[in-house]
Amino acid sequence: MKVSRTRSTVRAVALVLCVGVGRSVAAQGVERSSEVAWRPQLPLQGSLVVFGLHVSSEETVVAVQGTLAGEPLHFERVGAWFNAVAGVPLDARDSVMARIVVERVAGGRDTVTAALPVGIRTARREQLAADPDLVQPPESLAPRIRAERALVRRIKRRAHDTPRLWREPFARPRPGPVSSGFGGARVFNGVARSRHLGVDFAARVGEPVRAANRGVVTFVGALYFSGHTLFLDHGGGLVTGYLHLSRALVARGDTVSAGQVIARVGATGRVTGPNLHWLASYGNVLVDPMDLLTLDPAAPVATAADRAPGSPR
Ligand SMILES: [Zn+2]
């Protein structure tokens with residue numbers, strides 16, 4: 001775990017080196033300090049993390065901006081901390097970089113960088129049988145599939161421009177257990193094709209699908225692999241998707257409330273039977289949607305006990 005900090009101001013201020021929770025170190029006699037922490041302490045590949053930057057009470061911070069794994073962060077003040085939700089990519093190796101810029105009233109700007117360690121996600125390998133055209137689409141469909149991928153990327157990227165629309169906790173879109181978890185290797189008709197980038201809920205065609213949280217419907221339509229699909233933009237970079245539907249009950253542009261019935265389960269697109277595939281992304285980083293169920297950006301990222309002894313408050 002590495003954290004470094006550079007100053008672009010001319011004022012001489014002691015550097016504070018901050019490492020993740022539990023292993024913080026701080027310089028003595030500093031004029032100001034910032035430290036960082038994140039929750040969980042060892043985020044897995046393809047997971048959500050809440051990243052926090054602590055500011056001491058004398059500091060007058062104008063703005064905190066930054067990126068993690070290349071996606072912009074949206075900080076909100078929580079007491080003495082600025083917290084932001086972020087996504088760790090499924091293909092991350094041993095760490096992901098956060099780069100934070102802190103602007104202060106008096107002018108001056110600090111850059112804090114941190115390397116967050118990443119845990120390896122272990123997931124099952126699943127053997128599936130599907131229509132050969134859906135596993136290996138004919139070449140003639142390549143432009144359509146490319147265009148759909150670009151469209152979905154734009155939808156996810158735009159969620160960074162939407163203010164956070166939700167305040168209640170996220171809830172699952174279907175009751176009942178997950179029939180296929182996130183990140184498993186998918187072997188279609190004997191050939192390894194992809195990893196499972198969402199979770200499946202087994203269900204019958206026509207059963208209700210509920211909005212995981214408040215958001216705006218940014219897409220309703222048919223996609224080649226996903227079948228009838230609906231995307232919700234929850235703002236602050238978060239998007240949820242509902243795939244393989246039989247029908248949608250809302251239209252693009254609608255604002256939906258948490259728990260609202262937005263669609264019906266179906267068996268459209270690349271499926272082996274009726275199910276709801278639920279996906280979640282932070283910008284274009286796909287994460288395990290089940291992480292949303294415990295997401296609370298306002299909860300502390302570190303307790304006093306986690307913080308370095310003697311670090312300035
Ligand atoms: Zn699925």
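This is a short talk on the fold, the zinc site, the salt bridges and a few individual residues of one chain.

Good morning. The model before you is predicted. I shall begin with the chain as a whole.

The chain contains two helices and 21 strands. It has 313 residues, and 52% of them count as buried. If we take contacts in the chain with a separation of 6 or more, residues 24 or more positions apart account for 66% of them. The exposed area comes to about 14,000 Å², of which carbon and sulfur atoms supply 54%.

Let me turn to the metal. Which residues are the protein donors of the zinc ion? They are His-196 through NE2, Asp-200 through OD and His-277 through ND1, at 2.0 to 2.2 Å from the ion. Written as a sequence pattern, the spacing of the donor residues is H-x3-D-x76-H. Asp-200 belongs to strand S13 (residues 199-202) and His-277 to strand S20 (residues 275-282), so this pair ties together parts of the chain that are 77 residues apart in sequence. Asp-200 counts as buried at 8% relative accessibility, and His-277 is likewise buried, with a relative accessible area of 9%.

Next, the charged pairs. How many salt bridges does a search of the whole structure find? The search finds ten, and I shall describe some of them.

One of them joins Glu-76 and Arg-167, whose closest N and O atoms are 3.6 Å apart. This pair links distant parts of the chain: Glu-76 is in strand S6 (residues 76-78), while Arg-167 is in the loop between helix H2 (142-158) and strand S11 (185-188), 91 residues apart. As to accessibility, Glu-76 is partly exposed at a relative accessible area of 27%, and Arg-167 counts as exposed at 60%. Glu-76 and Arg-167 also belong, with Arg-164, to a network of salt bridges.

A further salt bridge is formed by Glu-126 and Arg-186, with the closest N and O atoms 3.1 Å apart. Here strand S10 (residues 125-128), which holds Glu-126, is linked to strand S11, which holds Arg-186; the two residues are 60 residues apart. Are these partners buried or exposed? Both Glu-126 and Arg-186 are buried.

Glu-207 and Arg-174 form another salt bridge, the closest N and O atoms being 3.3 Å apart. Glu-207 sits in the loop between S13 and strand S14 (208-210) and Arg-174 in the loop between H2 and S11, so the pair ties together parts that are 33 residues apart in sequence. Arg-174 is buried at 9% relative accessibility.

I come now to a charged residue of another kind, Asp-233, in strand S16 (residues 227-235). Asp-233 is buried yet has no salt bridge. Where is the nearest side chain of opposite charge? That side chain belongs to Arg-158, 7.4 Å away; a salt bridge requires the charged atoms to be within 4 Å. What the Asp-233 side chain does have is a polar contact of 2.7 Å with the side chain of Thr-162. The side chain of Asp-233 also reaches the backbone nitrogen of Gly-235, at 2.7 Å. Beyond four places in sequence, the contacts of Asp-233 include Arg-158, Ala-159, Leu-165, Val-216 and Leu-238.

Some points of backbone geometry follow. Arg-39 and Pro-40 are joined by a cis peptide bond, with omega about -5°. Pro-40 is found in the loop between strand S2 (34-39) and strand S3 (47-55).

Ala-69 is a residue other than glycine with a positive phi, near 50°. Its place is the loop between strand S4 (61-68) and strand S5 (71-72), and Ala-69 is partly exposed at a relative accessible area of 30%. His-244 also has a positive phi, near 65°. His-244, however, lies in a strand, S17 (residues 238-248), and counts as buried at 6% relative accessibility.

Finally, Ala-258 occupies the loop between strand S18 (255-256) and strand S19 (261-265) and is partly exposed at 29% relative accessibility. Leaving out residues up to four places away in sequence, Ala-258 touches Glu-168, Ala-211, Asn-213 and Arg-214. The C-alpha atoms of Ala-258 and Pro-173 are separated by 9.5 Å, although these residues are 85 residues apart along the chain.

Thank you for your attention.

Methods
Residues numbered from 1 in each chain as written. Predicted model: local features only at pLDDT ≥ 70, side-chain atom pairs only at ≥ 80, totals over all residues. Heavy atoms only, no water. Helix = DSSP H or I, 4+ residues; strand = E, 2+ residues; numbered from the N terminus. Buried < 20%, exposed > 50% of the residue type's maximum accessible area, 1.4 Å probe, protein only. Lys, Arg positive; Asp, Glu negative; His and termini not counted. Polar contact = N/O pair within 3.5 Å; in protein donor to acceptor, adjacent residues only side chain to side chain. Contact = heavy atoms within 4.5 Å. Donors = N, O, S within 2.8 Å, 3.2 Å for Na, K, Ca; no water. Areas by Shrake-Rupley, 256 points an atom, 1.4 Å probe, with all protein chains shown as cover.
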